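Reader: Could you walk me through this structure before I set anything up with it?
Author: Gladly; have a look at it first, and then ask whatever you like.

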Amino acid sequence: GSREIIQNGVNGLIIPSHDADRLYIAMRYMVEHPNERSRMAAAARPRIIERYDQRFVRQCLKAYYETLF
């Protein structure tokens, strides 16, 4: 899930489920702080590439499927 990828305040913001007020506050913060938004996006990119690169995902799926047979 999101908490496995996102480090709150480092590479994104984690908002509690069903909390529209906190979501609004976080979205407004990102709109009003473009430098912070860019910093978090830059911090998120390497982690996303590492964990969701097609080759990595394909290897994980292959290993999982091999355990089924």
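Author: One definition will be needed before we begin: a residue is called buried under 20% relative accessible area, exposed over 50%, and partly exposed in between. Please also keep in mind that this is a predicted model.
Reader: Fine, then where does Arg39 fall, buried, exposed or partly exposed?
Author: Arg39 has 36% relative accessibility, so it counts as partly exposed, since that value sits between the two limits.
Reader: Which residue does Arg39 form a salt bridge with?
Author: The partner is Glu36, and the closest N and O atoms of the pair are 2.6 Å apart. Glu36 is partly exposed too, with a relative accessible area of 23%. In general, side chains of opposite charge can pair when their charged atoms come close.
Reader: How are Glu36 and Arg39 placed in helix α3?
Author: They are 3 residues apart in helix α3, which means that about one helical turn separates them.
Reader: How many salt bridges does a search of the whole structure find?
Author: The search finds 4 salt bridges, and one of them joins Arg28 to Glu32, with the closest N and O atoms 2.7 Å apart. Both of these residues lie in helix α2, which covers residues 20–32, and they are 4 residues apart, about one turn of the helix.
Reader: And how accessible are Arg28 and Glu32?
Author: Arg28 has a relative accessible area of 43% and is partly exposed, while Glu32, at 45% relative accessibility, also counts as partly exposed.
Reader: Which residue forms a salt bridge with Arg55?
Author: Arg55 is bridged to Asp53, and the closest N and O atoms there are 3.2 Å apart. Arg55 is exposed, because its relative accessible area of 55% is over the 50% limit, whereas Asp53, at 24% relative accessibility, counts as partly exposed.
Reader: Changing topic, how many helices and strands are there in the chain?
Author: The chain has 4 helices and 0 strands, and from the N terminus on its elements run α-α-α-α. With a radius of gyration of 16 Å, well over the 11 Å that the globule rule gives for 69 residues, the chain is more spread out than a compact globule.
Reader: What does the C-alpha trace span along its principal axes?
Author: The spans are about 50 × 25 × 15 Å. Of the 69 residues, 12% count as buried. As for contacts with a separation of 6 or more, 49% of them are accounted for by residues 24 or more positions apart.
Reader: What about the surface, how much area does the chain expose?
Author: The chain exposes about 5900 Å², and carbon and sulfur atoms supply 57% of that area. There is also a nonpolar surface patch of about 950 Å², made by Ile48, Tyr52, Phe56, Val57, Leu61, Tyr64, Tyr65, Leu68 and Phe69.
Reader: Which helix gives the most to the nonpolar patch?
Author: Helix α4 gives the most, with 6 residues, although α3 (34–52) and α4 (54–68) each supply at least two. Leu61 is one of the patch residues and lies in helix α4.
Reader: And why can Leu61 be part of a patch?
Author: Patches are made of residues with over 30% relative accessible area and no salt bridge, and Leu61 meets the area limit because its relative accessible area is 42%, which makes it partly exposed.

Conventions:
Residues are numbered from 1 along each chain as its sequence is written. This is a predicted model: local features need pLDDT of at least 70, side-chain atom pairs count only at pLDDT 80 or more; totals for chains, interfaces and linings use all residues. Side-chain values use heavy atoms; hydrogens and water are left out. Patches are made of residues with over 30% relative accessible area and no salt bridge: like charges are joined within 9 Å, nonpolar side chains (Val, Leu, Ile, Met, Phe, Trp, Tyr) within 5 Å. Accessible areas come from the Shrake-Rupley method with a 1.4 Å probe; for residues, only the protein chains shown count as cover. A salt bridge is a side-chain nitrogen of Lys or Arg within 4 Å of a carboxyl oxygen of Asp or Glu. Buried means under 20% relative accessible area, exposed over 50%, partly exposed in between (1.4 Å probe, protein chains only). The radius of gyration is taken over C-alpha atoms; the globule rule is 2.2 Å times the number of residues to the power 0.38. Contact means heavy atoms within 4.5 Å.
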